[in-house]
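User: I'd like to learn how to read a model like this one, feature by feature. Can you walk me through it?
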Number of protein chains: 2
Amino acid sequence: MELDRRKRQVLRAIVEDYVASAEPIGSRTLARTLGLGVSSATIRNEMADLEALGFLDKPHTSAGRVPSDRGYRLYVDELMEPRPMEAEAFRRMRLMYLRRVREMDYLVGQTLKLLSAAGDFLAVGLGPGVRTARLRRLDALEAGEGQVALVLVTDHFVQHRLVEMPDGMDTGGLQRALLVLSHELQGVGLERITRSMLESVAREIKGRMREELLSFLRDCLSDSEEQVRIVGTSRFLAQPEFREPGRIREAVQLIEQSDALQELLLEASGQGGVRVRIGEETSLPETRELSIVALGIERQGEVVARFGLVGPKRMDYAKALALAEEVLRGLEQAIS
Amino acid sequence: MELDRRKRQVLRAIVEDYVASAEPIGSRTLARTLGLGVSSATIRNEMADLEALGFLDKPHTSAGRVPSDRGYRLYVDELMEPRPMEAEAFRRMRLMYLRRVREMDYLVGQTLKLLSAAGDFLAVGLGPGVRTARLRRLDALEAGEGQVALVLVTDHFVQHRLVEMPDGMDTGGLQRALLVLSHELQGVGLERITRSMLESVAREIKGRMREELLSFLRDCLSDSEEQVRIVGTSRFLAQPEFREPGRIREAVQLIEQSDALQELLLEASGQGGVRVRIGEETSLPETRELSIVALGIERQGEVVARFGLVGPKRMDYAKALALAEEVLRGLEQAIS
DNA sequence: TTTAGCACTCATCGTATGAGAGTGCTACCG
DNA sequence: CGGTAGCACTCTCATACGATGAGTGCTAAA
């Protein structure tokens, strides 16, 4: 089962050629570019063997070879040469993670920008959401002209809503009620906060304001914010695999109704660290033709953020892995 | 130049047929569906006249007729029968605008959701950004464990950033400095606030914290937030006009690099009220084949939010107009 | 003013055809 | 026994061709 040296060379060359050109690789061109001093017929034999072993596929009888999922897998695990990040992007990333911002939403957004700028990937990211957040503070900031800003602060995000106070209502009562709630629930995981807890406090507030307050708190506690964020659509869609209208349509749909992407990201990023899922390994029918390099950021044993670099299976795994590892290192250090 | 009754009937029928079917309309079918008791030859003559007057186009010699930009224009201005919004969507919209939320970002987001759910449009929206915002409050909320939430409140949005305090620094100084700044600049338009104003205050704060504070304030004052928001891509792209790969590619590009869409929205929504731009009228080469129903929300003579419903020229103008007018009414009332 | 009739145009679709790229196999070589 | 040359075979893709059908424009007549 072990592949000999030359087979590995051939497979690696096919993967790298195909990644670069998006065209199936024929034996003639490969014999030439490989420079091994063997003829195309020899390469053909090697290719036939690799195909029999499941590392290559043929789109059709006379079209050259294309790596199979197993082929990509072997390439990623054993054949590929790791490649460090581009210097400029590396510098920017470092700089960002040295800052003192602790707001995950912000960090996720900035990281996504850097990731999608670095290649033709679709960069997806998922913040901590309510799952791992602990309440720190709940407040109502008077903002003049009868308006008040409701603010909820947790250990890694802030939510707010600007609301108009009903006539004749003073902010004092509201602030007091929130202060009580704030003290009571200090340090409690948002997930543990039930509606009845909120409602008992809100009872002291009357009328319209109660509804708005409850609506705000409910929105904060619901997972609605924990939605996957997606950057880099157009460079992703510009890839040659999406030239046909059918494919592009599929991809657009995948992006727009982001549930599938979210599931993909959750599954692939798992319990932290960097992982690669290739084609069928993604276990989602919609993403059978895509790959993802995913990572989960851990803090105190909890995964607080996840990122993924999604591309066609023919993506630049070395680049994506270098990016992913750097994000993992930088971000975990930043929030530790 | 005035069109007689029958010509108007014919034009209207062609527009409505074409909107429904996306196929060019022939004289035979039209003669049948119109039920005027005249033959296809008569209709052919009318069509030839309408084409000569510039209200119809021919994709090619033997393909039936299609409305021209002028044809759509006349339809929208004079021929179309206004149609009220669908009841359920109307109810939801009403309910939303009766709430007391004054945060434009939130309102824009919710409105876009409703708009894109109501039809096959691409719903675009633009919040007030810094242009029309007036500072209300600037604060630093202690959040425990050495973290502090910087909060900036204006009359229609809130910005925040969660930052880690450097060791040994107390929030007191920070809060005092912000309070001073807050009082000084109370009610001042964000656009008027210059960097030197900020820096003079920040001078009292030392080290890393100053950098983070300035970075936060700069981000608040820059237009970065005033980016057009886009919802409904996939339903928009599912329209038959985007069946060809070239067209769909164009459209995706238009959406992703949203500058053009933003410009379109700004131009079309103008100084408030509801307006329609059809095809060439959009004055952007990229959107020559699209139409937009746009509206600007005014408050005290300033446009604080803009929305657009973008579709192929063959869009359902009656529906889009009904939606637009309701948003205009509801939102202006809500924030007045 | 309307209509019937007819020649004409043009996109579309299916089929045929040839070129080109690439494979698999067989026979042969060192 | 691994490597190579040669050749038949397969399959896609581009092109051409003709048939089909929808629709028009025009003319002459009602």
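User: Let's start with a helix. Which residues of H1(A) are buried?

Analyst: One thing to keep in mind first: this is a predicted model. To judge burial, you count the C-beta atoms around a residue, and 20 or more others within 10 Å makes it buried. In H1(A), Val10(A), Leu11(A), Ile14(A), Val15(A), Asp17(A) and Tyr18(A) are buried. They pack against H2, H3, S1, strand S2 (66-67) and helix H4 (69-79) of chain A.

User: And how do I check the length of H1(A) against what's expected?

Analyst: A helix rises 1.5 Å a residue, so the 17 residues of H1(A) should span 24 Å; the end C-alpha atoms are 24 Å apart, and that agrees. Right after H1(A) comes Ala22(A), with a positive phi near 65 degrees.

User: Now H3(A). What span should its 13 residues have?

Analyst: Same recipe. At 1.5 Å a residue, helix H3 (residues 40-52) of chain A should span 18 Å, and its end C-alpha atoms are 18 Å apart, so the two agree. As for burial, Ile43(A), Glu46(A), Met47(A) and Leu50(A) are the buried ones in H3(A). These four cover an arc of only 100 degrees around the axis, so they sit on the same side of H3(A).

User: Which residues are exposed on the other side of H3(A)?

Analyst: Ala41(A), Asn45(A) and Ala52(A). To see what hides a buried side, look for the elements in contact with it. For H3(A), the cover includes helix H1 (5-21), helix H2 (27-34) and strand S1 (56-57) of chain A.

User: Can we zoom in on one residue? What does Lys7(A) touch?

Analyst: Leaving out residues up to four places away in sequence, Lys7(A) touches Glu46(A), Asp49(A) and Leu50(A). Lys7(A) itself lies in helix H1 of chain A. It counts as partly exposed because 16 other C-beta atoms lie within 10 Å, which falls between the limits of 12 or fewer for exposed and 20 or more for buried.

User: How do I read the packing of two helices, say H1 and H3 of chain B?

Analyst: Look at the angle and the distance between the axes. Helix H1 (residues 5-21) of chain B and helix H3 (residues 40-52) of chain B pack at about 85 degrees, with their axes 10 Å apart. H1(B) and H3(B) are therefore roughly perpendicular to each other, since angles of 65 to 115 degrees fall in that class. On the H1(B) side you have Arg6(B), Lys7(B), Val10(B) and Leu11(B), which meet Ile43(B), Glu46(B), Met47(B), Asp49(B) and Leu50(B) in H3(B). Sorted by class, that contact has 5 nonpolar, no polar and 4 charged residues.

User: What about the two chains? How many residues does each give to the contact?

Analyst: Chain B gives 39 residues and chain A gives 39 residues. On the chain B side, the elements giving two or more residues are strand S4 (135-142), strand S5 (147-154), strand S6 (158-164), helix H9 (208-221), helix H10 (233-237) and helix H11 (245-256). S6(B) gives the most, with 6 residues. By class, the side of chain B that touches chain A has 15 nonpolar, 8 polar and 16 charged residues.

User: Back to phi. Why would a positive value catch the eye?

Analyst: Because most residues other than glycine have a negative phi. Here, Glu145(A) has a phi near 50 degrees, though it isn't a glycine. You'll find Glu145(A) in the loop between strand S4 (135-142) and strand S5 (147-154) of chain A. Glu145(A) is exposed, as it has 12 other C-beta atoms within 10 Å.

User: Where does Gln300(A) lie?

Analyst: In the loop between strand S9 (290-299) and strand S10 (302-312) of chain A. Gln300(A) has a positive phi of about 50 degrees and isn't a glycine. With 8 C-beta neighbours inside 10 Å, it counts as exposed.

User: One last loop residue: is Glu286(A) buried, exposed or partly exposed?

Analyst: Count the neighbours again: 17 C-beta atoms inside 10 Å, so Glu286(A) counts as partly exposed. Its place is the loop between strand S8 (273-278) and S9 of chain A. Not counting residues up to four places away in sequence, Glu286(A) touches Leu254(A) and Ala260(A).

Technical notes
Residues are numbered from 1 along each chain as its sequence is written. Chains are lettered from A and ligands numbered from 1 in the order in which they are written. This is a predicted model: local features need pLDDT of at least 70, side-chain atom pairs count only at pLDDT 80 or more; totals for chains, interfaces and linings use all residues. The expected span of a helix is 1.5 Å times one less than its number of residues. The arc is that of the directions from the helix axis to the C-beta atoms. Two residues are in contact if their C-beta atoms, placed from the backbone, lie within 7 Å. Axes are lines fitted to C-alpha atoms, for helices over the stretch in contact, and angles run from 0 to 180 degrees between N-to-C directions. Angles under 35 degrees count as roughly parallel, over 145 as roughly antiparallel, 65 to 115 as roughly perpendicular and the rest as oblique. Ala, Val, Leu, Ile, Met, Phe, Trp, Tyr, Cys and Pro count as nonpolar, Asp, Glu, Lys and Arg as charged, and the others, Gly among them, as polar.
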